[in-house]
Amino acid sequence: MAAADAESGESIGTFELQNSKIEPGETVTLVWDESNNNTGCNWAITVGFEDESVAGGAALVNFCQENVNLTVE
């Protein structure tokens with residue numbers, strides 16, 4: 001996964017799920033890290049797969065809202 005602050009365009013880089021995969025139909029929780037409290041709410045999230053393909057494009061996610069859902073197809 002890759003994330004960038006959609007308001008400033010600043011990238012925080014890429015990150016991986018340690019020792020796990022998200023299987024089709026599975027739900028996971030992304031937790032906001034307090035170190036990002038001085039950034040904007042809207043983040044562009046891009047999801048990649050083991051075969052190096054990328055899901056559609058960046059999804060805009062507002063982490064200031066509660067119970068945010070991100071669906072990858």
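These exercises work through the strands, the disulfide and the surface of a predicted model.

**Exercise 1. The overall layout**

Task: Find how many helices and strands the protein chain holds, and in what pattern they run.

Solution:
- Step 1. Take the secondary structure. The protein chain has zero helices and four strands.
- Step 2. Read along the sequence. The pattern is β-β-β-β.
- Step 3. Turn to burial. Of the 73 residues in the protein chain, 14% are buried.
- Step 4. Look at the contacts between residues at least 6 apart in sequence. Within this set, 39% join residues at least 24 apart.
- Step 5. Add the surface. About 5900 Å² of the protein chain is exposed. Carbon and sulfur atoms supply 45% of that area.

**Exercise 2. The disulfide**

Task: Locate the disulfide, give its handedness, and explain which parts of the chain it ties together.

Solution:
- Step 1. Apply the cut-off: two cysteine sulfur atoms must lie within 2.5 Å. The S to S distance between Cys41 and Cys64 is 1.6 Å, and a disulfide joins them.
- Step 2. Count. The rule gives one disulfide.
- Step 3. Check the angle about the S-S bond. For Cys41 and Cys64 it is -75°, and the link is left-handed.
- Step 4. Place the two ends. Cys41 sits in the loop between strand S2 (11–14) and strand S3 (42–46), while Cys64 sits in the segment after strand S4 (59–62), so the pair ties together parts that are 23 residues apart in sequence.
- Step 5. Classify each end. Exposed means over 50% relative accessible area, and buried means under 20%. Cys64 has 53% and is therefore exposed. Cys41 has 24%, so Cys41 is partly exposed.

**Exercise 3. The two faces of S3**

Task: Sort the side chains of S3 by face, and say which are buried.

Solution:
- Step 1. Start from the general rule. In a regular strand, side chains alternate between the two faces of the sheet.
- Step 2. Apply the rule to S3. Trp43 and Ile45 point to one face and are buried. Asn42, Ala44 and Thr46 point to the other face and are not buried.
- Step 3. Test one residue. Ala44 lies in strand S3. Its relative accessibility is 21%, so Ala44 counts as partly exposed.
- Step 4. Find the partner strand. S3 pairs with S4 in the antiparallel sense, over four bridges. Asn42 stands opposite Asn62 in S4.
- Step 5. Look further along the chain. Ala44 and Asp5 are 39 residues apart, and their C-alpha atoms are separated by 6.4 Å.

**Exercise 4. A nonpolar patch and its loop**

Task: Name the residues of the nonpolar surface patch, then place and classify Ile22 and Val28.

Solution:
- Step 1. List the members. Ile22, Val28, Leu30 and Leu70 make a nonpolar surface patch of about 280 Å².
- Step 2. Place two of them. Ile22 is in the loop between S2 and S3. Val28 is in the loop between S2 and S3.
- Step 3. Classify them. Ile22 has a relative accessible area of 39%, so Ile22 is partly exposed. Val28 has 39% and is partly exposed.
- Step 4. Trace Val28 across the chain. Val28 and Asn69 are 41 residues apart in sequence; C-alpha to C-alpha, they are 9.5 Å apart.
- Step 5. Add Glu26. This residue lies in the loop between S2 and S3. With 39% relative accessibility, Glu26 is partly exposed. Glu26 and Thr71 are 45 residues apart in sequence and 10.0 Å apart in space, C-alpha to C-alpha.

Definitions and conventions:
Residues are numbered from 1 along each chain as its sequence is written. This is a predicted model: local features need pLDDT of at least 70, side-chain atom pairs count only at pLDDT 80 or more; totals for chains, interfaces and linings use all residues. Side-chain values use heavy atoms; hydrogens and water are left out. Buried means under 20% relative accessible area, exposed over 50%, partly exposed in between (1.4 Å probe, protein chains only). Contact means heavy atoms within 4.5 Å. Accessible areas come from the Shrake-Rupley method with a 1.4 Å probe; for residues, only the protein chains shown count as cover. Patches are made of residues with over 30% relative accessible area and no salt bridge: like charges are joined within 9 Å, nonpolar side chains (Val, Leu, Ile, Met, Phe, Trp, Tyr) within 5 Å. A salt bridge is a side-chain nitrogen of Lys or Arg within 4 Å of a carboxyl oxygen of Asp or Glu. Two strands pair if DSSP finds at least two bridges between them.
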